[in-house]
Amino acid sequence: MHLYRDGRLDDAAAEYKRVIDAGLSAPAGYAGLARTQLRQHKVDEAAASAAKAVELGPNLAATHVALGEVYLRQGRIEDAAEQFRKLVVANTSDARAYYGLARVYHLASYHKKESVLINRAHELDPNDPEIASAWLRPQGLAGRIKGTQERLEDKALDPESRKNLESRLETLKKLAEQPPRPCGLAPGVTSTETSLKPIMQTAQDVEGYGLNVRVNGVASTLLLDTGASGVLISQRIADKAGVEKLVDQKIGGIGDKESVDGYLGYAKTLQIGSFEFRDCYVDVVGKNMNENSDGLLGANVFGHFLVELDFPNQKLKISPLPVDPAVGAEQASLDSSAETVAEPRDRYVSPDMKDFFLVYLNGHNLMLPTKLNDKSPFLFILDTGAQTTLVSLAAAEQVGKVGSIDGEFRGIAGKVKKVYRAPDVNLQFANFRQKMAWIYALDLKNLSDESGIEISGLLGFRLLYQLDIRIDYRDGLLALKFDPKRFYSDVMPQQSYTH
């Protein structure tokens with residue numbers, strides 16, 4: 001365990017195997033080996049080790065915790081919750097059970113319950129670095145600085161991860177020196193509606209929809225992207241608008257290359273429709289991302305609002321969320337910075353949103369339970385910034401044949417050169433179903449390893465443009481409307497499900 005916590009993963013795995021071979025404590029040994037293999041991103045090996053742990057020690061808490069952690073990495077969130085929940089109800093002394101269930105509650109937008117569980121896990125084992133990091137995260141910038149510094153002590157960090165963490169630490173320290181930047185909504189307006197502008201890849205091919213955003217009064221067109229976070233603008237717009245540079249940082253995305261250079265900046269105002277937000281952080285990137293847009297706007301910045309992406313009518317509508325009786329009215333603002341720390345609250349489903357579907361939120365990513373050829377569970381990210389819908393190579397191989405093709409995909413971080421194609425795929429999420437003659441498949445292992453949960457694909461713009469999508473980021477809720485008279489699709493009848 002100490003070798004694992006020191007980041008000496010190969011040594012930890014070897015020692016767990018030695019313990020198992022010696023017959024000293026095989027169930028606990030397999031449980032520890034499974035956790036080590038997960039951190040090494042060896043998911044299949046971890047699954048085998050966890051299964052062996054439970055087989056040999058069915059009454060040992062550590063074995064079920066290990067199995068729950070494997071399930072969570074595989075995207076089997078309900079199965080993971082069941083493993084952790086039984087132990088928590090039994091008042092186990094294993095801190096990782098509380099931490100595991102807290103991770104599930106985080107994904108399901110029950111942040112108050114998550115906080116209680118994290119505190120209990122920290123009481124039981126304050127020296128577990130993952131628990132300590134989660135415990136520090138909601139404690140403002142000071143806690144995040146301390147947590148990042150502790151992660152940098154991990155000797156197993158690869159050079160690129162260390163470089164990114166060092167850059168993040170510099171950013172956090174610089175933010176700690178800044179006055180408050182609330183990006184609050186100016187009084188007088190509570191709702192707004194504005195047009196979405198097609199962003200063309202070619203004369204006939206639309207790759208996404210852009211939004212007119214005025215930065216310090218300077219007009220810009222930002223790609224509205226549910227697969228991105230915050231506000232990202234080009235160096236050209238930043239210079240023209242007089243955006244103040246605060247600290248250098250790296251900015252990344254899907255691609256085979258490294259992250260690109262950029263910086264965190266400060267804008268006095270951001271105007272979206274009739275909304276004006278004041279004192280806002282923005283990310284600035286020097287790379288020319290797209291000649292038809294000036295950057296990205298992550299839809300998650302509207303976390304304090306109900307945001308409607310009415311793609312068929314090319315409209316963005318932003319309106320107040322229902323007031324949660326347990327919390328009361330909240331201050332309307334734009335979540336332009338990921339460093340914002342809010343008081344933890346649990347998901348609230350108001351009566352007029354009872355037909356919304358529950359989705360998982362991992363950071364800024366909306367993860368939708370999805371069926372492929374009627375098989376599940378698979379988790380797909382709703383990504384309007386991805387031009388086309390993609391399936392992971394691993395998921396595609398589970399549901400049919402896969403063949404390689406000539407081609408490449410481009411992202412902010414470069415090109416993905418190995419591209420595959422899966423034929424005859426029925427895709428179903430929420431109340432929407434579409435038959436696809438074929439779908440592109442990519443190796444998304446790096447994305448899954450980074451998120452800690454299996455990502456089986458991206459729902460891209462060429463599919464989503466048919467839909468009117470309403471999103472409540474605060475509570476992890478989503479509703480879809482589809483007009484079969486306007487677009488063709490094999491559509492399922494309206495239905496709801498619960499977690």
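Reader: Does Asp125 count as buried or exposed in this structure?
Author: This is a predicted model. The cut-off for buried is under 20% relative accessible area. Asp125 has a relative accessibility of 18%, so Asp125 counts as buried.

Reader: Which residue meets the side chain of Asp125 in a salt bridge, at 2.5 Å, N to O?
Author: Asp125 sits in the loop between helix 8 (111–124) and helix 9 (129–136). The partner lies in helix 1 (residues 2–5), 120 residues apart from Asp125, and the pair links distant parts of the chain. The side chain that meets Asp125 at 2.5 Å is that of Arg5.

Reader: How many residues apart in sequence are the parts tied together by Glu130 and Arg96?
Author: The side chains of Glu130 and Arg96 meet in a salt bridge of 3.0 Å, N to O. Glu130 lies in helix 9, and Arg96 in helix 7 (residues 95–107). The pair therefore ties together parts whose separation in sequence is 34 residues.

Reader: Which partner in that pair is buried, Glu130 or Arg96?
Author: Glu130 has 27% relative accessibility, so Glu130 counts as partly exposed. The cut-off for buried is under 20%. With a relative accessible area of 6%, the buried partner is Arg96.

Reader: Which residues are joined into one network by salt bridges that share partners?
Author: The structure holds 27 salt bridges. Among them are Arg5 with Asp125 and Glu130 with Arg96. Shared partners join these four with further residues into one network: Arg5, Arg35, Glu69, Arg96, Asp125, Asp128 and Glu130.

Reader: How far apart are the closest N and O atoms of Arg345 and Asp324?
Author: Both residues lie in the loop between strand 11 (315–320) and strand 12 (357–358), and the pair ties together parts 21 residues apart in sequence. Arg345 counts as buried, at 10% relative accessibility. Asp324 is buried too, with a relative accessible area of 6%. Their salt bridge has its closest N and O atoms apart by 2.6 Å.

Reader: Which backbone nitrogen does the side chain of Asp324 reach?
Author: Asp324 is in contact with Arg345, Asp346, Tyr348 and Arg474, leaving aside neighbours within four places in sequence. The side chain of Asp324 also reaches a backbone nitrogen at 3.0 Å. That nitrogen belongs to Ala326.

Reader: Which residue in strand 11 is the bridge partner of Glu193?
Author: Strand 2 (residues 192–200) pairs with strand 11 in the antiparallel sense. Four bridges make up this pairing. The strand 11 partner of Glu193 is Lys317.

Reader: Which residue in the turn between strand 10 and strand 11 has a positive phi?
Author: Strand 10 (residues 305–310) and strand 11 pair in the antiparallel sense over six bridges. One of the bridge pairs is Phe305 with Pro320. The two strands form a hairpin with four residues between them. The turn residue with a positive phi, about 55°, is Gln314.

Reader: What distance separates the C-alpha atoms of Gln149 and Leu480?
Author: Gln149 has its place in helix 10 (residues 140–151). At 34% relative accessibility, Gln149 counts as partly exposed. Beyond neighbours within four places in sequence, Gln149 is in contact with Leu169 and Lys173. Leu480 is 331 residues from Gln149 along the chain, and their C-alpha atoms are separated by 42 Å.

Notes
Residues numbered from 1 in each chain as written. Predicted model: local features only at pLDDT ≥ 70, side-chain atom pairs only at ≥ 80, totals over all residues. Heavy atoms only, no water. Buried < 20%, exposed > 50% of the residue type's maximum accessible area, 1.4 Å probe, protein only. Pairing = 2+ DSSP bridges. Polar contact = N/O pair within 3.5 Å; in protein donor to acceptor, adjacent residues only side chain to side chain. Contact = heavy atoms within 4.5 Å.
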